[in-house]
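User: I am new to this structure. Please take a close look at one part of it and walk me through what surrounds that part.

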Amino acid sequence: MRARHPNKEIEAALRDAEGQGFTVLTGRAHWGILRCPGGPDEHCQSRSISGTPRNPSTHARQIRRFVTKCPHK
Amino acid sequence: MTDTHVFMVVFQIADAREPDEYAVRLYGDGGVEEVMLAGPDSAGVFEVEFERVDRSFPAAVLSAVRDLERVFPEATILRVEPDDLVTIAAIAERVGRSHESVRLLVRGERGPGGFPAPAGKLDAKTQAWRWAEVAQWFETYIGPVPGAEHAAFLAAVNDILDLRRLAGDAIDTPDIAQAMASLLPEQLTVAARAAV
């Protein structure tokens, strides 16, 4: 089990991403990294997830936009 | 009047391999709001997605570039996306048509013909067009294209970013510098003089 994101809205967006094959890596200084399901040759650039974004709704929306646009899922 | 503007700024820090240090600077105190950092790839290229409230799209983009330069003075800003060069697939996505429909328009087998000439090739099979020209063609012959009103501005900003990156190698004497400066549009030379 990975660490939960302190913000509910962001945690929900991350869980939906995981449900579509994305990986969340935690324990980073800024909080974590969201990796797309693509292989080593073709993948989207991983997103750095902030633990304390000033506007959590925007951050959650950006996560969902990333997941929607990713062609590798 | 203010609106929310969504766009991406691409920059490079050649020796960056892990995002952590850069994410801390971007998200921490003195950083930038309403952004998400992506990357770096193996060449140290990052993308930052902005969702910025400002009075206009150009104002939002230009203040975003300034903010990134403040937080990452070591970075080279490469471009702002949605970028100017587009493939048939990207055109199809932006105008909301199928790949095949755009292919037929490009070849003049459907629609009024006179599609803009490609700007070049990305590889042996993939041609690319300038989005500013394609968007204008669509607006003239087919109908409104969402977001197309910014195409000319984005093309101009990206050309300036290219110019900044290449000036050091391309301009080696004051004569050349002066001759090249005389090619700049008058709005820019007047504004540059006022800024000094």
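Analyst: Strand E1 of chain B gives the largest share of the lining of the largest pocket, six residues. The model is a predicted one. This pocket has a volume of about 1400 Å³. In total, 37 residues line the pocket, and those closest to its centre are A:Lys69, B:Met8, B:Glu81, B:Pro82 and B:Arg94.

Which elements take part? From chain A there is H2, and from chain B there are E1 (3-12), E3 (45-54), E4 (76-81), H3 and H6 (151-170), each with at least two residues in the lining. By class, the lining holds 18 nonpolar, seven polar and twelve charged residues.

Follow H3 of chain B away from the pocket. This helix spans residues 88-95, and H4 of chain B spans residues 99-107. Their axes come within 9 Å and cross at roughly 110°. An angle from 65 to 115 degrees counts as roughly perpendicular. H3(B) and H4(B) are therefore roughly perpendicular to each other. Their crossing is right-handed. On the H3(B) side, the contact uses B:Ile88, B:Ala89, B:Ile91, B:Ala92 and B:Val95. On the H4(B) side, it uses B:His99, B:Val102, B:Arg103 and B:Val106. Sorted by class, this contact has seven nonpolar residues, one polar and one charged.

H3(B) also packs with H5(B), at an angle of about 45° and with the axes 12 Å apart. That makes H3(B) oblique to H5(B). This crossing, too, is right-handed. From H3(B), B:Ile91, B:Arg94 and B:Val95 take part. They meet B:Trp131, B:Val134 and B:Phe138 of H5(B). Five residues of this contact are nonpolar, none is polar and one is charged. B:Arg94 thus appears in two settings: it is among the residues closest to the centre of the pocket, and it belongs to the contact of H3(B) with H5(B). B:Ile91 and B:Val95 touch H4(B) and also H5(B).

H5(B) leads on to H6(B), which is one of the elements that line the pocket. H5(B) covers residues 131-141. H5(B) and H6(B) pack at an angle of about 170°, and their axes are 8 Å apart. Angles over 145 degrees count as roughly antiparallel. The two helices are therefore roughly antiparallel to each other. B:Trp131, B:Ala132 and B:Ala135 of H5(B) meet B:Ala151, B:Ala152 and B:Ala155 of H6(B). This contact has six nonpolar residues, no polar and no charged ones. B:Trp131 faces H6(B) here, and it also meets H3(B).

Now return to H2 of chain A, another element of the pocket lining. H2(A) spans residues 56-69, and it gives the most to the lining of the largest cavity, with three residues. How many cavities of 30 Å³ or more does the structure hold? There is one. Its volume is about 110 Å³. Of its 13 lining residues, the closest to its centre are A:Pro53, A:Arg54, B:Tyr27, B:Val32 and B:Glu34. By class, the cavity lining has four nonpolar, six polar and three charged residues.

E3(B), also in the pocket lining, has a notable link before it. B:Pro40 lies in the loop between E2 (35-38) and E3 of chain B. A cis peptide bond joins B:Gly39 and B:Pro40, with omega about 5°.

How values were computed. Residues numbered from 1 in each chain as written. Chains lettered and ligands numbered in written order. Predicted model: local features only at pLDDT ≥ 70, side-chain atom pairs only at ≥ 80, totals over all residues. Heavy atoms only, no water. Axes fitted to C-alpha atoms, helices over the stretch in contact; angles between N-to-C directions. Helix = DSSP H or I, 4+ residues; strand = E, 2+ residues; numbered from the N terminus. Parallel < 35°, antiparallel > 145°, perpendicular 65-115°, else oblique. Left-handed = near helix turned anticlockwise from the far one by under 90°. Contact = heavy atoms within 4.5 Å. Nonpolar A, V, L, I, M, F, W, Y, C, P; charged D, E, K, R; others polar. 1 Å grid on protein atoms, 1.4 Å probe; cavity = no way out; pocket = protein on both sides within 12 Å on 5 of 7 lines; lining within 4 Å. Points joined across faces, edges and corners; volume = space filled by probe spheres on them.
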